[in-house]
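Please open the model in your viewer and keep the selection tool at hand. The stops below follow one another as a short tour.

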Amino acid sequence: LLRRADREIRDAIVNDEFVVHFQPVVSLQNMRIVTMEALVRWDHPTRGLLSPSAIIATAELHGSILDLGNVVLEKACTQAAAWRASGADIDVSVNLSARQLSDPDLHHRITKVLEQTGLAPHHLWLEVTETALVEEVGRATAVLDRLAAIGVRFAIDDFGTGWASLTYLQRFPIHELKIDRSFVAGVGHNANDTAIARSIIALGAELDLVVIAEGIETVEQMTALQGLGC
């Protein structure tokens, strides 16, 4: 079943069935959209629109994540370049999996897409999880350093849920921390969640990193995070 699912994913890539939706990242200082995060969806011909949960695990296991990641990157950079050409000062953020981090052609794939789409490297943010960094620490260091050297910026996604050492913030060229939504949900009324969010925001400020709170859904959460300086 998994192999059949992988074949379906590869066929869907060829048939251009994957689409990219965008989630805005908004500044809590002036409520301006600063970045759009690219989120892949599968526009399946018979099952309708499928979320990443129906795609990523299988693609990661069998390797089709490399081609799928390239599709998402190309679509996201093409759209971001179009936004910027129209006068919108917006960056784009794209997720990288552990399998992509281990790909020896990752640097070439990314620089090729940037050249083809005309998007300047410093307008591209790549998101990696703590776990992915730990799993691919050797290769990730070299790849991230090469991409950072041309201006690409990096974010640690779901920060605080993994088991990476804080020394990795020194080892990798990280520019942004994303507070996991599991902590954001309790900010403002749960003392533990608020304390964790406050600590991550303070850490980001000390290291001169952008800090993003994922999944703000209420005015209470937004107000509390503004008060914490997120």
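Is M31 buried, partly exposed or exposed? Select M31: at 45% relative accessibility it counts as partly exposed, where buried means under 20% relative accessible area, exposed over 50%, and partly exposed in between, with a 1.4 Å probe and protein chains only. M31 sits in the loop between strand 1 and strand 2 (33-44), and M31 has a positive phi of about 60 degrees although it is not a glycine. Helices (H or I, at least four residues) and strands (E, at least two) are DSSP runs, numbered from the N terminus.

Before moving on, note that this is a predicted model, in which local features need pLDDT of at least 70 and side-chain atom pairs count only at pLDDT 80 or more, while totals for chains, interfaces and linings use all residues. Residues are numbered from 1 along each chain as its sequence is written, and side-chain values use heavy atoms, with hydrogens and water left out.

Go next to D16, in the loop between helix 1 (2-14) and strand 1 (18-26); D16 is not a glycine either, yet has a positive phi of about 55 degrees.

Now select S64, which lies in the loop between helix 2 (56-62) and helix 3. S64 counts as buried because its relative accessible area is 0%. Leaving out residues up to four places away in sequence, S64 touches D6, I9, R10, I13 and A59, contact being heavy atoms within 4.5 Å.

From there, follow helix 3 to A85, which counts as exposed because its relative accessibility is 70%. If you add G118 to the selection, you will find the C-alpha atoms of A85 and G118 separated by 10.0 Å, although the two are 33 residues apart along the chain.

For the interior, select F18, L68, L101, L124 and L126, which touch the most other members of the largest nonpolar core, a set of 63 residues. Helix 3 gives the most to this core, with ten residues. A nonpolar core is a set of buried Ala, Val, Leu, Ile, Met, Phe, Trp, Tyr and Cys residues joined through side-chain atoms within 4.5 Å. Centre on L126, and, with neighbours within four places in sequence set aside, its contacts include L73, V94, L96, I110 and F154.

The next stop is the largest cavity, with a volume of about 80 Å³. A cavity is a set of points, on a 1 Å grid over the protein atoms alone, where a 1.4 Å probe fits but cannot get out, and lining residues have an atom within 4 Å of a point. Grid points are joined across faces, edges and corners, and the volume is the space filled by probe spheres set on the points. Select L66, G69, N70, L73, V94, N95, L96, Q100, D103, L106, R109 and I110 to show the lining, which divides into six nonpolar, four polar and two charged residues. Helix 3 (65-85), strand 4 (91-95) and helix 5 (106-117) each supply at least two lining residues, and helix 3 gives the most, with four.

Then select V25, T35, S93, E127, E176 and I212, which line the second largest cavity, with about 30 Å³ of space.

Finish with the cysteines C77 and C230. C77 is buried because its relative accessible area is 0%, and C230 is buried because its value is 18%. The structure holds zero disulfides, a disulfide being a pair of cysteine sulfur atoms within 2.5 Å.

Conventions: On a 1 Å grid over the protein atoms alone, a cavity is a set of points where a 1.4 Å probe fits but cannot get out, and a pocket is an open set with protein on both sides within 12 Å along at least five of seven lines; lining residues have an atom within 4 Å of a point. Ala, Val, Leu, Ile, Met, Phe, Trp, Tyr, Cys and Pro count as nonpolar, Asp, Glu, Lys and Arg as charged, and the others, Gly among them, as polar.
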